[in-house]
Amino acid sequence: MKLMSKLFLLAVMGFFMSSSAMAREERGTTAQAQAMVKKGIAHIKKNGKEKAFADFNDASNKDFHDRDLYLFVYDMNGMNLSHGANPKMIGKNLIDLKVEGKPIIKDMITVLKTKNDGWIDYQWPNPVTKALETKSSYFEKIDDYFVGAGAYK
């Protein structure tokens, strides 16, 4: 009987460990977000902004949409130029956008005034779960705009 109890316990532990590993695989990582930004910038340099931004906006383009990872692009005045998860944001100046009191676009621009790249944590709706979650975004400046992507924690 003790052997059966131990086997059952091991089976239950294995299930929960594999479930949490699978849940982690369903989310993009910060390293993958950073790699996607660099891939996006290379795509801009190779194909131009117009084609690249259209590709970033196209949810069927798996190069720039992976699970909960997608690209966003803003100019240095806060104008959204591309958004892989919410096309309604494109063309809007979001410099004063605040999420839970935090001016996230303004904060990114502030970082980019002294460096070419950076990270910021903030709350943002996850396109997969639809829940407001903590997101850690990497962003990098190119010319007079920047490209970013973030991983949900």
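**Exercise 1. The chain as a whole**

Among contacts in the protein chain between residues at least 6 apart in sequence, what percentage join residues at least 24 apart? Then describe the make-up of the chain.

*Solution.* A word before we start: this is a predicted model.

Step 1. Of the contacts that span at least 6 residues in sequence, 50% join residues at least 24 apart.

Step 2. Now list the elements. The protein chain has 4 helices and 7 strands, and from the N terminus on they follow the pattern α-α-α-β-β-β-β-α-β-β-β.

Step 3. Finish with burial and surface. Of the 153 residues, 39% count as buried. The accessible surface comes to about 8,900 Å², and carbon and sulfur atoms account for 59% of that surface.

**Exercise 2. The sheet**

Work out the strand order of the open sheet, and find out why one side of β4 and of β5 is left without a neighbour.

*Solution.*

Step 1. Trace the sheet from one edge: its 5 strands come in the order β4-β3-β7-β6-β5, with antiparallel pairing.

Step 2. Look at the edges. β4 (80–83) and β5 (117–125) each have a single partner strand, so one side of each lacks a neighbour in the sheet.

Step 3. Check the twist, which averages 25 degrees from one strand to the next.

Step 4. Zoom in on one pair. Strand β3 (residues 72–75) is joined to β4 over 3 bridges in the antiparallel sense; here V73 has S82 in β4 as its bridge partner.

Step 5. Add the helix. Helix α4 (residues 104–112) lies across β3, β5, β6 (132–142) and β7 (145–152). Relative to β5, helix α4 runs at about 175 degrees.

**Exercise 3. The buried side of α3**

Find the buried residues of helix α3, say where around the axis they sit, and name what covers them.

*Solution.*

Step 1. In helix α3 (residues 49–57), the buried residues are A52, F53, D55 and F56.

Step 2. These residues cover an arc of only 160 degrees around the axis, which means that they lie on the same side of α3.

Step 3. Recall the helix geometry: an α-helix has 3.6 residues a turn, so residues three or four places apart point the same way.

Step 4. The cover over the buried residues of α3 includes α2 (30–47), β1 (65–66), β3, β4 and β7.

**Exercise 4. A histidine in α2**

Is H43 buried or exposed, and which side chain does H43 join in a polar contact of 2.6 Å?

*Solution.*

Step 1. Place the residue: H43 belongs to helix α2.

Step 2. Its relative accessible area is 16%; buried means under 20%, so H43 is buried.

Step 3. The side chains of H43 and D55 are joined by a polar contact of 2.6 Å. D55 is also one of the buried residues of α3.

Step 4. Leaving out residues up to four places away in sequence, H43 touches G48, A52, D55, F56 and F64.

Technical notes: Residues numbered from 1 in each chain as written. Predicted model: local features only at pLDDT ≥ 70, side-chain atom pairs only at ≥ 80, totals over all residues. Heavy atoms only, no water. Pairing = 2+ DSSP bridges. Helix = DSSP H or I, 4+ residues; strand = E, 2+ residues; numbered from the N terminus. Axes fitted to C-alpha atoms, helices over the stretch in contact; angles between N-to-C directions. Contact = heavy atoms within 4.5 Å. Buried < 20%, exposed > 50% of the residue type's maximum accessible area, 1.4 Å probe, protein only. Arc of directions from axis to C-beta. Polar contact = N/O pair within 3.5 Å; in protein donor to acceptor, adjacent residues only side chain to side chain. Areas by Shrake-Rupley, 256 points an atom, 1.4 Å probe, with all protein chains shown as cover.
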